[in-house]
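Please find below some notes on this model. They take up the ligand site, then the aromatic pairs, then one loop residue.

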Amino acid sequence: MKHYDRVALIGLGLIASSMAHAIRQGGLAGEIIGHARSAETRATALEIGLVDRVYETAAEAVAGADLVVLCVPVGAMAAIAAEIAPHLAPGATVTDVGSVKQAVVEAVAPHMPENVTFIPGHPLAGTEHSGPRSGFATLFVNRWWLITPLEGNDPAAVARLKGFLAAMGANVDEMEVTRHDLVLSVVSHTPHLIAYTMVGVADHLRRVTHDEVIKYSASGFRDFTRIAASDPTMWRDVFLTNKDATLDILGRFTEELFMLQRAIRMGDGEMLFDYFTKTRAIRRSIIEAGQDTAAPDFGRAPPPAERK
Ligand code: NAP
């Protein structure tokens, strides 16, 4: 079912290309227009049929669109918003997919004309891959898509956007902007920082362990490396723009880490056992909520050498 006549995707990476596939599959828009920074990405988007037309500038891409989705790194949002503002169609809805919300609101909202509705958003779905070839239509299926409507947003525009996001398979929820940034710091941003740190530590040790870290990585380290392979630009921008919440959660993390360190030093097995029992229950609740598989090793196929 068609939700919008013309959707303009600004930035054509993992999230935008997944949206393009999902929009096509569901017939959710009359046409899909795209813009990306590099000629290479624009050519790829046309070649693989992500979009019907691409433009060299974001300003040209948004003209006549009734939905504009900003799919660029958070640090690029302000310049794009300033560029597109005079070219937006009256009555258009503008949304974004940035991983941080307060900074995006500050970057985008001041540029938006009165006759346009800006509804910030964030799909809680992704992979460690990036670029126009990395998208797939089912990325958002049964994943949360949080929107953080702003005061004065037209309720009809919000309802229409929600219907469109749900049609891509997402579970849509509303959240207040600063709450979003705190919650995401716990469930996504700080875990990424910890993974980056652990992989950095292992990299330092590699010289001492003569690559044994890589050889025996299936023991848990491998799962950190997947997260730590995520796009450096995107994650640099997340930490630069969600500074307060990240520092708050990192402070709490450090306190817990010191507590566990002390328990290990003191041989307090009871404390460690109780702590790990609690964390195991959290894993179970994630599976019950349908946010991951209960299959051992996340349902991974064994590496080729181990297959019969
Ligand atoms: P991506 O695959 O790295 O793609 C980023 C796209 O933005 C590329 O097409 C890039 O163009 C374009 N771009 C970058 N800087 C630009 C600029 N200054 N002007 C115009 N275009 C520019 O990124 P992504 O993973 O889709 O992430 C996009 C947004 O989604 C980010 O705000 C991120 O926080 C958010 N997000 C990501 C995930 C995730 O897991 N990846 C999950 C949820 C939300 P070129 O290809 O030409 O360089």
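1. Serine 38 places a polar side-chain atom 2.7 Å from an oxygen atom of the ligand. Arginine 37 also has a polar side-chain atom 2.7 Å from a ligand oxygen atom. At isoleucine 15 the partner is a polar backbone atom, 2.9 Å from an oxygen atom of the ligand. A polar contact here is a pair of N or O atoms within 3.5 Å; within protein, one atom must be able to donate a hydrogen and the other to accept it, and residues adjacent in sequence count only if both atoms are side-chain atoms.

2. The ligand taken alone exposes 910 Å², and the protein buries 86% of that area. Accessible areas come from the Shrake-Rupley method with a 1.4 Å probe; for residues, only the protein chains shown count as cover.

3. This is a predicted model, in which local features need pLDDT of at least 70, side-chain atom pairs count only at pLDDT 80 or more, and totals for chains, interfaces and linings use all residues. Residues are numbered from 1 along each chain as its sequence is written, and side-chain values use heavy atoms, with hydrogens and water left out.

4. The ligand is surrounded by 28 residues, of which Arg37, Ser38, Thr41, Val72 and Ser99 are the closest; a residue is near if one of its heavy atoms lies within 4 Å. By class, the shell has 14 nonpolar, twelve polar and two charged residues. Nonpolar covers Ala, Val, Leu, Ile, Met, Phe, Trp, Tyr, Cys and Pro, charged covers Asp, Glu, Lys and Arg, and the others, Gly among them, are polar.

5. How many aromatic pairs are there? The count comes to four, where rings of Phe, Tyr and Trp (its six-membered ring) pair if their centres lie within 6.5 Å, and planes under 30 degrees apart are stacked, over 60 edge-to-face and the rest tilted. One of them, phenylalanine 140 with tryptophan 145, is tilted, at 4.9 Å centre to centre and 50 degrees between the planes. Both phenylalanine 140 and tryptophan 145 are buried (under 20% relative accessible area; exposed is over 50%, partly exposed in between; 1.4 Å probe, protein chains only).

6. Tyrosine 275 and phenylalanine 276 form an edge-to-face pair, 6.4 Å centre to centre with 90 degrees between the planes. Phenylalanine 276 has 48% relative accessibility and therefore counts as partly exposed.

7. Asparagine 242 sits in the loop between helix 10 (232–241) and helix 11 (243–266); helices are DSSP runs (H or I, at least four residues), numbered from the N terminus. Asparagine 242 counts as buried because its relative accessibility is 4%. Its side chain makes a polar contact of 3.0 Å with the side chain of histidine 189.

How values were computed:
Helix = DSSP H or I, 4+ residues; strand = E, 2+ residues; numbered from the N terminus.
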